[in-house]
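Biologist: I am new to this structure and would like a close look at one part. Please start from one residue and its contacts, then work outwards to the helices and sheets.

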Amino acid sequence: MEGADMLFKLLLLSLVLLSCTSHGNAGVTSTFVRTEWPSVDIPLENEVFAVPKGYNAPQQVHITQGDYDGKAVIVSWVTIDEPGSNKVRYGLSEGKLDLTAEGTVHNYTFYNYKSGYIHQCLIEGLQYDTKYYYELGDGDSSRRFWFRTPLSIDPDAPQKFGIIGDLGQTYNSLSTLEHCKQTGAETILFVGDLSYADRYQYHDVGVRWDSWGRFVERSTAYQPWIWSAGNHEIEYFPYMGEVIPFRNFLQRYPTPYLASKSSSPLWYSVRRASAHIIVLSSYSPFVKYTPQWEWLNEEFTKVDREKTPWLIVLMHAPIYNSNDAHFMEGESMRVVFESWFCRYKVDIIFAGHVHAYERSYRISNIKYNAPNGPSYPVPDKSAPVYVTVGDGGNQEGLAQRFRDPQPDYSAFREASYGHSTLEIKNRTHAIYHWNRNDDGKRIPTDSFVLLNQYWGLNRRRRKLKKNHLHSVLSDFPLSLVV
């Protein structure tokens, strides 16, 4: 008993050290750099882009959360030959799809490309923690899928998130997608830059949006993806007469922005199990008095850490980044929002954009002002952990040049392809992994236990029992606690 008590104290000490970021110059720059396959898009004739068999068969199927609290999904799909049915048949067993929801259908043109018929259907009033089967299309061309709803909103509700950014449609992208599926992640947090179709011109832009939709369907039809937009979704093409930003993205990938009273699909929030997830747009106005600023100012006041203790923010351009690629591009958003991130004790912020992996300590630069105060980041236990996971595998390749020396705020960095998972265990702790794609295998490379900013730091004041923490950590070796 005494030995178990000592182990508990050692684990707790390790967590406190992490939360207080007593790091000095302890950051790690990994020397591992590997490109498994050339950073070129997979040819369109490859089987990963195969069009489903049958006349007008539904394709490019994807789902996302459809409301604020996880009791609705938005199902989207495309038919090519004609509009066809815009209904979703669904139910609790594969053999009894006795419920029906009806959606909308539209199409659009982009330069001389004309899209297929895009269907979007909101299914509401779902039960929590339930597996649903659903069917799209008609007759022999119909297709069936399934999804599972999250647990009800509760501070101890577990949830496993996969985090992917800057994916594209290369063989490296395929490796990331397949490896993430193996983790058992229930929901995907996507931090922007989807198809990289903007690397093409004219008619081929739309073609590569279609191929990407079929490419990711192996995951998006079953696990809800929480979308955020990156710079490759802007697609500002004056030479083609296409000057409306995010046009392809907004036509194809709906978000539940109205549920969080946002005025734009590009920034919004959802609650899922024990997490409150805020999605920001790095490429929409966000300075004071703009719609995004006003919305976030209001949204933070709605976060109830007693019900959803985990506060997660998604954005595309990282605020802290020690790579030469896109260095300081997130500085303007840092100046505007960082003080809020600390005031409301955001747990973790995920970004992409930089095609490498990096994790920070808990640091902030909110004390700086022109006459006095430090002009560099300092340890701050109220600050979030910043993670850059823009290493999904797109055709632009890896960002291999990190700045030297490694800044004090940088805990771990590596230029490799991969993805992350965040497994929430209860209100106090979550297990984080960054997984490298290595020789066709998924290699957990950077791992730690994340202490919740609200319940974890106030554990004594809130009289949480010692075994509440020990029951979580007993399943994990000491090497995973940093």
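Modeller: Start with threonine 176. Leaving aside residues up to four places away in sequence, threonine 176 touches Ile164, Leu167, Asp391, Gly392, Gly418, His419 and Asn437. Keep in mind that this is a predicted model. Threonine 176 sits in helix α2, which covers residues 171-182. Is threonine 176 buried or exposed? Its relative accessibility is 0%, so threonine 176 counts as buried.

Two of those contacts, Gly418 and His419, lead to the next stop. Strand β24 spans 418-424 and strand β25 spans 429-438, and arginine 427 lies in the loop between them. Arginine 427 has 16% relative accessibility, and therefore counts as buried; the cut-off for buried is under 20%. Which residue does arginine 427 come up against from another part of the chain? Proline 309 is 118 residues away from arginine 427 in sequence. In space, their C-alpha atoms are 6.0 Å apart.

From proline 309, step to strand β17, residues 310-314. Helix α5 lies across β15, β16 and β17. Against β16, helix α5 runs at about 175°.

Now look at the sheet that holds these strands. It is an open sheet of 8 strands, with mixed pairing. The order is β1-β23-β19-β22-β18-β17-β16-β15. Its edge strands are β1 (28-29) and β15 (268-272), and each of them pairs on one side only. The partner of β15 is β16, residues 275-279. These two strands run antiparallel and are joined by 5 bridges. Within this pairing, tyrosine 268 stands opposite valine 279 of β16.

Return to helix α5, residues 291-302, and follow its packing against helix α6, residues 331-343. Two packed helices are described by the angle between their axes and the distance between the axes. Here the angle is about 5° and the axes are 11 Å apart. Why call α5 and α6 roughly parallel? Angles under 35 degrees count as roughly parallel, and α5 and α6 therefore qualify. Which residues meet? On the α5 side they are Trp293, Leu296, Asn297 and Phe300. On the α6 side they are Val336, Phe337, Trp340 and Phe341. By class, this contact has 7 nonpolar residues, 1 polar residue and no charged residues.

Aromatic rings come next. The structure holds 36 aromatic pairs. One of them joins tyrosine 289 and tryptophan 293. Their ring centres are 6.0 Å apart and their planes make 55°, a tilted pair. The two partners differ in exposure: tyrosine 289 is exposed at 60% relative accessible area, whereas tryptophan 293 is buried at 11%. A second pair joins phenylalanine 300 and phenylalanine 341. This pair is edge-to-face, with 6.4 Å between the centres and 75° between the planes. It links distant parts of the chain, 41 residues apart, with phenylalanine 300 in α5 and phenylalanine 341 in α6. Phenylalanine 300 is buried, with a relative accessible area of 2%. Phenylalanine 341 also counts as buried, at 0%. Both pairs belong to one aromatic cluster, made of Phe286, Tyr289, Trp293, Phe300, Phe337, Trp340, Phe341 and Tyr344.

Two other strand regions remain. An open sheet of 4 strands has antiparallel pairing and the order β2-β3-β9-β6. Strands β2 (59-65) and β6 (104-106) stand at its edges with a single partner strand each, so one side of each has no neighbour in the sheet. From one strand to the next, the twist averages 15°. The partner of β2 is β3, residues 73-79, in an antiparallel pairing over 5 bridges. There, threonine 64 has isoleucine 74 of β3 as its bridge partner.

The last region is the hairpin of β10 and β11. Strand β10 (residues 131-136) runs antiparallel to β11, and 6 bridges join them. Leucine 136 stands opposite arginine 143 in β11. Between the strands are 6 residues, and glycine 137 takes a positive phi near 85°. How are the side chains of β11, residues 143-148, arranged? They alternate. Arg143, Phe145 and Phe147 point to one face and are buried. Arg144, Trp146 and Arg148 point to the other face and are not buried.

Key. Residues are numbered from 1 along each chain as its sequence is written. This is a predicted model: local features need pLDDT of at least 70, side-chain atom pairs count only at pLDDT 80 or more; totals for chains, interfaces and linings use all residues. Side-chain values use heavy atoms; hydrogens and water are left out. Axes are lines fitted to C-alpha atoms, for helices over the stretch in contact, and angles run from 0 to 180 degrees between N-to-C directions. Angles under 35 degrees count as roughly parallel, over 145 as roughly antiparallel, 65 to 115 as roughly perpendicular and the rest as oblique. Contact means heavy atoms within 4.5 Å. Ala, Val, Leu, Ile, Met, Phe, Trp, Tyr, Cys and Pro count as nonpolar, Asp, Glu, Lys and Arg as charged, and the others, Gly among them, as polar. Two strands pair if DSSP finds at least two bridges between them. Rings of Phe, Tyr and Trp (its six-membered ring) pair if their centres lie within 6.5 Å; planes under 30 degrees apart count as stacked, over 60 as edge-to-face and the rest as tilted. Buried means under 20% relative accessible area, exposed over 50%, partly exposed in between (1.4 Å probe, protein chains only).
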